[in-house]
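Hi,

Here is the structure I said I would pass on. Have a look at it first, and my notes on what turned up follow below.

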Amino acid sequence: MCFDNYQKNILVSLWGLIFEKYGELQHFSCGEHFIHSGEIMNKIGWIASGNFKHSQLLHNGNIKIIGFSLTNTILSDYESIMNHKAVSADIIALEDAEVIIAPSASMRELLIEDQTLHIKYIQSLYENVHEKLLDFTVNTPEQRLTRLLLYHPQIMDKVPLEEIASYLGVSLRQTQRDS
């Protein structure tokens, strides 16, 4: 998933229990995949340090950055975990990272057993998608960048500019020309 608001709404302490009980620390090198597009997610991760990008190969052969997962967030895909569907995006380390890995079955079991948590999780996913849709429909790339920097002021130091431009829906040439 992305760094957007859904992370703040989830009861992170409960996720912490999963990772504390089942988790194992794993190192990812810069450029290493957490998961490849087309695979079914059999693990979830808690990013202890480092950052990841979510990228998708478009029909024209270009790669589109669709999101980022930053330190202290969860790496997961609801559809893949709950419905055994293939993920649609690659999740790739932007830098060397430490991730606590747990089996996705532990998340699935927790959500099935705790319907209140499950509902909160689904609500937060909906809020995230709705917010992102509004953001890309109503706001200009400059406004989206301002918001991104408001929530994550160090992102420019950690993520290459061309990948931020891809996420914002602009080309780097367009960004430089408009400057």
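Phe28, Phe34 and Phe52 are joined into a cluster by ring pairs (rings of Phe, Tyr and Trp, the last by its six-membered ring, pair if their centres lie within 6.5 Å; planes under 30 degrees apart are stacked, over 60 edge-to-face, the rest tilted). This is a predicted model, so you should know that local features need pLDDT of at least 70 and side-chain atom pairs count only at pLDDT 80 or more, while totals for chains, interfaces and linings use all residues. Residues are numbered from 1 along each chain as its sequence is written, and side-chain values use heavy atoms, with hydrogens and water left out.

Back to the rings. The whole structure holds seven aromatic pairs. In one of them, Phe28 and Phe52 have ring centres 5.8 Å apart and planes at 80°, so they meet edge-to-face. Phe28 belongs to strand 1 (residues 24-28) and Phe52 to strand 4 (residues 52-57), so this pair ties together parts 24 residues apart in sequence (helices, H or I, of at least four residues and strands, E, of at least two are DSSP runs numbered from the N terminus). Phe34 also pairs edge-to-face with Phe52, at 6.4 Å centre to centre and 75° between the planes. With Phe34 in strand 2 (residues 33-35) and Phe52 in strand 4, that pair ties together parts 18 residues apart.

How accessible is Phe28? Its relative accessibility is 0%, so Phe28 counts as buried (buried means under 20% relative accessible area, exposed over 50%, partly exposed in between, with a 1.4 Å probe and protein chains only). Phe34 and Phe52 are both buried too. On top of the ring of Phe34 you'll find the charged end of Lys43, 4.7 Å from the ring centre (a charge sits over a ring if NZ of Lys or CZ of Arg is within 6 Å of the centre and within 35 degrees of the ring normal).

These rings also show up in the largest nonpolar core, which has 29 residues; Trp15, Phe28, Phe34, Phe52, Met107 and Leu111 have the most contacts inside it (such a core is a set of buried Ala, Val, Leu, Ile, Met, Phe, Trp, Tyr and Cys residues joined through side-chain atoms within 4.5 Å). Strand 8 (residues 97-103) gives this core its largest share, four residues. Another core of 12 residues lies apart from it, including Ile65 and Leu168.

On to the charges: there are four salt bridges in the whole structure (a side-chain nitrogen of Lys or Arg within 4 Å of a carboxyl oxygen of Asp or Glu). Glu163 bridges to Lys53, with the closest N and O atoms 2.6 Å apart. This pair links distant parts of the chain, Glu163 in helix 8 (residues 161-168) and Lys53 in strand 4, 110 residues apart. Glu163 is buried at 14%, and Lys53 is buried at 15%.

Arg147 and Glu131 meet in a salt bridge at 2.1 Å, N to O. Arg147 is in helix 6 (residues 141-151) and Glu131 in helix 5, so the pair ties together parts 16 residues apart. Asp135 joins these two in a network of salt bridges. Asp135 is found in helix 5 (residues 115-138) and is buried, at 10% relative accessibility.

One last oddity: Asn72 is not a glycine, yet its phi is positive, near 70°. Asn72 sits in the loop between strand 5 (63-69) and strand 6 (74-75).

Cheers
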